[in-house]
Amino acid sequence: MKPDLSDLPGGKLYIGGEWRTGNGSRIRSVFSADQSLNREFSGASQQDGLDAIDAARHAQSDRDWLDLKPHQRASYLHAISDGIAANIDRIAFIQSRDTGKTLTEATALAQSAAATFRYFAAVCETSDEALTTPRGDYLTFSMHEPLGVVAAITPWNSPIASDAQKIAPALAAGNAVVLKPASWSPLVSLELARIIDKTGLPKGLFSVLPGSGREIGNLLVEHPDIAKVSFTGGTGTGREIARKAAEKLMPVSLELGGKSPTIVFDDADIDLAIAGILFGIFSSSGQSCIAGSRLFVQRNIFEQFVARLVEATERLKTGHPHEADTQVAPLVHVDHRREVETYVAVARQEGGRILTGGDRPSDANLQAGAYYLPTIIAGLDNRSRICREEIFGPVLVVLPFEDEADVIAQSNDNEYGLACGLWTSDFSKSWRVARAIRAGTVWINTFKQFSISTPFGGDKASGVGREKGRDGMRAYMRQKSLYQDVSGKPHPWARWPVS
Ligand code: NAD
């Protein structure tokens, strides 16, 4: 049976293992394809937040939870993964209603969330502690312990995936998690709570607090019982969280913004490059931290390459997120579209030439939605505002470059360092350039591929720390060293007992 509006979570908050009506400011989740209301409800108040933290602290310090063996903790993660897998269509529908994403993309994200829990169940069961090399008459161990209560703060662009990326490793490590989703997309996190609740995970180990960043996000960051904040969102917010974390000497992981370069050398396979570039910038309507939003093309092929790219862009189907052939769905919210439009206006003022797009679609069926056409802009310098700042929409700037040295310098001349794409048939060159680019991830002859087993994170203003991969769970643990005497002899320094 196809999911329908009655499947959307009702708007109760999940706090300490109980469902309750929130006491905070109102939250409106709307479907950005037509502005219809998904749900309106009261978000978390300060007291709701304090209750969630308190329940988390109690649940996390309970010996029944702390003493679980890794394979026993892993069984909860398997159950969550199974619960997600059994509800893929429903989750995809909720996420699509919440964010405007296509059902195809929302389905893939739900599947990836199930895989994330399965992966960290495996990591949890198979991570060894180390017996270190002794340098005396003792055995030395390096052990890992959970941090305590972790706050996960997530953005609206891919909520189920970013939620899972934090919750799975944090629970696997033995922590409790308080999740604060973005106000525009609270529903899929509440659906995740319904699934987690059904697994019998001890109450309090997981809570969801939809609410404003200023109130609830801030409460979590500053609260003394929060042992770590794992944040994904904008660089400005990340900096603010890092400043407050420094005061508490609290570890943070920050997955922040990007302005990722894509580089096409004159020896590239042109069709491979065009397909990858289109996917890299226009899938998710450009609302992706890793969007390849600055395109550098070698000067001798610039004109002909850009002409073909424009032609391919104009063939993309902008349409309703529930139509199977839609490639470009609406933006998350009309307010966000306004920000994207402001950036395109700035580009025009700076002398940019709009090669395609730069407007809302004219299709009468799309007038009610937050749609924006895939847009390509030329004629701007890499130092222009459009090339420096993250737009987070379907807007690509194209720039020519001369040679390897020039493109490396231009690519790195940006405060962000999240990702990069390279298109060339020269293996040695791809390797050289990939190593010279300051970015957390470089894709060679592909773009925007993800694997839960490969670490992900940003360089420079794109973030601190890494998620995913086997070490992803360790990011939610503290190390402890144990020395165990094997000599049975008193320390000679004491000269005791007297013989
Ligand atoms: P945002 O920074 O506005 O909000 C992110 C989350 O932080 C939300 O839940 C918000 O309510 C909360 N928040 C806001 N102010 C806060 C505060 N003062 N204290 C604590 N929490 C606060 O970002 P957004 O607009 O929701 O998301 C878009 C941004 O996220 C883009 O910059 C994008 O690049 C970035 N992003 C990064 C990654 C990555 O992995 N690097 C992934 C996805 C999105």
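**Exercise 1: Polar partners of the ligand**

Task: In this predicted model, find how far an oxygen atom of the ligand is from an N or O atom in the side chain of W156.

Solution, step by step:
- Start at W156: an N or O atom of its side chain and an oxygen atom of the ligand are 3.0 Å apart.
- Move on to the backbone. G234 places an N or O atom 2.8 Å from a ligand oxygen, and a polar backbone atom of G233 is 3.4 Å from an oxygen atom of the ligand.
- Now look at cover: on its own the ligand has 840 Å² of accessible area, and the protein covers 86% of that.

**Exercise 2: The shell**

Task: Work out which element gives the largest share of the shell around the ligand.

Solution, step by step:
- There are 27 residues around the ligand, and those coming nearest are T154, G234, T237, L256 and E390.
- Next, sort by element: α8 (213-222), β10 (226-232) and α9 (235-248) each give at least two residues.
- The largest share belongs to α8, with 4 residues.

**Exercise 3: Two sides of a helix**

Task: Decide which residues of α11 are buried and which on the other side are exposed.

Solution, step by step:
- Recall the helix rule: with 3.6 residues a turn, residues three or four places apart point the same way.
- List the buried residues of α11: F302, F305, V306, L309, V310, A312 and T313.
- They lie on the same side of α11 because their arc around the axis is only 165 degrees.
- Turn to the other side of α11, where E303, Q304 and E314 are exposed.
- Finally, ask what covers the buried residues: the cover includes α10 (270-282), β13 (292-298) and β16 (395-401).

Terms used. Residues numbered from 1 in each chain as written. Predicted model: local features only at pLDDT ≥ 70, side-chain atom pairs only at ≥ 80, totals over all residues. Heavy atoms only, no water. Buried < 20%, exposed > 50% of the residue type's maximum accessible area, 1.4 Å probe, protein only. Arc of directions from axis to C-beta. Contact = heavy atoms within 4.5 Å. Near = heavy atom within 4 Å. Polar contact = N/O pair within 3.5 Å; in protein donor to acceptor, adjacent residues only side chain to side chain. Areas by Shrake-Rupley, 256 points an atom, 1.4 Å probe, with all protein chains shown as cover.
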